[in-house]
Amino acid sequence: MDLYQELCGILGKENVFTKEPMSRHTTFRAGGPADFFVTPEEEGQVRTVLALLKEAGVPFYVMGNGSNLLVGDRGYRGVILQICKKMNRIRIQDAVIHAQAGALLSKIAAEAQAEGLTGFEFASGIPGTLGGAVMMNAGAYGGEMKHVLTRAQVLDPTGEIREVLAEEMELGYRSSVFSRKGGVILSASVQLEPGDPSEIQKRMEELKIQRTSKQPLEYPSAGSTFKRPEGYFAGKLIQDAGLRGFQVGGAQVSEKHCGFVINKEQASATDIRSLMEQVSEKVYAQFGVRLEPEVKLIGDFS
Ligand SMILES: Cc1cc2nc3c(=O)[nH]c(=O)nc-3n(C[C@H](O)[C@H](O)[C@H](O)COP(=O)(O)OP(=O)(O)OC[C@H]3O[C@@H](n4cnc5c(N)ncnc54)[C@H](O)[C@@H]3O)c2cc1C
């Protein structure tokens, strides 16, 4: 089988890239080439491509905006499907927002504000897609996807497209049934409440100020690198372990916010991973608390 030709046949040549550097598609700005990088435009294309890849035994990975993802320096052997800019339609009906999985949370928040709908302000500064946010049950400042999601259209691991209700998603801290059992989010709906557009705008601006003042947004990163361990804060443990500013190659524990690993100066993915491992070991040695990555690591590291 000529995989390139098959993918072009389903997606169009303009949506199939070979040896695509993943540093271009992840907010860490690190990571080597994916053998194939494809950008489906329709739900049906996602289903057809995945059926083809499963049938042919080709490894694949589905990503959104790459804001919680680290790909190894030697890249990814297989096909990465990006559901982002080309599948990002948003529709509002009454107080419900229906959007394709590739819609950015910031865009959804802006449209909600313009329509006078409140409840999505918490997500306005999270740099991911709706699909990534459902998968991760993304949250911030007291809000989380769990509070607003009602349903999603999902391509399940058997290749069927079905509606899944929020109650069935087992949404927990940065996890969902999909992160445990698989499934590709194609679109989702969130239920909001009528609100005052200027109040909504004000709240989003307040949150933006909080983020810019506390987080090292001037450097590439994937946000909070580690999950919050039960009863602790990852950033505080890292700080108390004396690791503020700790550096491996070009990767650094942010001096501004110890919960963030940043790409300070042309870090390789290996620098970042090695820093994460060392931080985790040092924190465990000092406090007996195991830090688990929130960031997903895929591909071949050198
Ligand atoms: C500066 C910064 C600040 C951040 N702040 C926050 C925050 O406040 N709160 C928070 O929760 N997160 C935060 N994050 C992390 C990140 O934005 C979220 O985890 C986001 O939900 C990831 O979405 P994504 O589209 O970028 O997913 P990706 O990083 O592309 O993928 C993340 C995971 O989701 C899966 N995935 C993505 N799309 C789909 C889909 N359509 N179907 C199935 N699986 C899919 C991937 O396989 C992967 O496992 C921050 C990141 C950065 C860089």
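**A chat about bridges, strands and rings**

Student: Okay, lysine 236 first. What does it count as, in terms of accessibility?
Tutor: Lysine 236 counts as partly exposed, because its relative accessibility is 47%. Keep in mind that this is a predicted model.

Student: Which residue does lysine 236 meet in a salt bridge?
Tutor: Its partner is aspartate 240, with 2.7 Å from N to O. Aspartate 240 is partly exposed too, at a relative accessible area of 38%.

Student: How are lysine 236 and aspartate 240 placed in helix 8?
Tutor: They sit four residues apart in helix 8 (residues 234-240), which means about one helical turn separates them. As a general point, an α-helix has 3.6 residues a turn, so residues three or four places apart point the same way.

Student: Which residues do shared salt-bridge partners join into one network?
Tutor: That network is made of Asp35, Arg77 and Asp300. How many salt bridges does the structure hold, you might ask next? There are 13.

Student: Ha, I was about to! How far apart are the closest N and O atoms of aspartate 35 and arginine 77?
Tutor: They are 3.0 Å apart in that salt bridge. Aspartate 35 belongs to strand 2 (residues 33-38) and arginine 77 to strand 5 (residues 76-82), so the bridge ties together parts lying 42 residues apart in sequence. Aspartate 35 is partly exposed at 29% relative accessibility, and arginine 77 is partly exposed at 38%.

Student: What about aspartate 156, buried or exposed?
Tutor: Aspartate 156 counts as buried, because its relative accessibility is 11% and the cut-off for buried is under 20%. Its side chain meets that of arginine 162 in a salt bridge of 3.2 Å, N to O. Arginine 162, at 41%, is partly exposed.

Student: New topic: sheets. In what order do the five strands of the open sheet come?
Tutor: The order is 6-7-13-11-12, with antiparallel pairing. Strand 6 (90-93) and strand 12 (161-165) are at the edges with a single partner strand each, so one side of each has no neighbour in the sheet. On average, neighbouring strands here are turned by 20° against each other, direction ignored.

Student: How many bridges are there between strand 11 and strand 12?
Tutor: Strand 11 (residues 149-155) pairs with strand 12 over five bridges, in the antiparallel sense. Glutamine 153 stands opposite glutamate 163, which is in strand 12.

Student: Which strands of the sheet does helix 3 touch?
Tutor: Helix 3 (residues 105-114) packs on the sheet by touching strand 6 and strand 7 (96-100), and its direction makes about 30° with that of strand 6.

Student: And which residues of helix 3 are buried?
Tutor: Leu105, Ile108, Ala109, Ala112 and Gln113 are. Looking down the axis of helix 3, you find these buried residues within an arc of 135°, so they line one face of the helix. They pack against several elements, including strand 8 (117-118), helix 4 (130-136) and helix 7 (197-214).

Student: Last one: how many aromatic pairs does the structure hold?
Tutor: Two. One of them is phenylalanine 17 with phenylalanine 37: their ring centres are 6.2 Å apart and their planes are at 55°, so this pair is tilted. It links distant parts of the chain, with phenylalanine 17 in strand 1 (residues 16-21) and phenylalanine 37 in strand 2, 20 residues apart.

Student: Phenylalanine 37, buried or exposed?
Tutor: Phenylalanine 37 is buried at 1% relative accessibility, whereas phenylalanine 17 is partly exposed at 31%.

Note on methods:
Residues numbered from 1 in each chain as written. Predicted model: local features only at pLDDT ≥ 70, side-chain atom pairs only at ≥ 80, totals over all residues. Heavy atoms only, no water. Salt bridge = Lys/Arg side-chain N within 4 Å of Asp/Glu carboxyl O. Helix = DSSP H or I, 4+ residues; strand = E, 2+ residues; numbered from the N terminus. Buried < 20%, exposed > 50% of the residue type's maximum accessible area, 1.4 Å probe, protein only. Pairing = 2+ DSSP bridges. Axes fitted to C-alpha atoms, helices over the stretch in contact; angles between N-to-C directions. Contact = heavy atoms within 4.5 Å. Arc of directions from axis to C-beta. Phe/Tyr/Trp six-rings, centres within 6.5 Å; stacked < 30°, edge-to-face > 60°.
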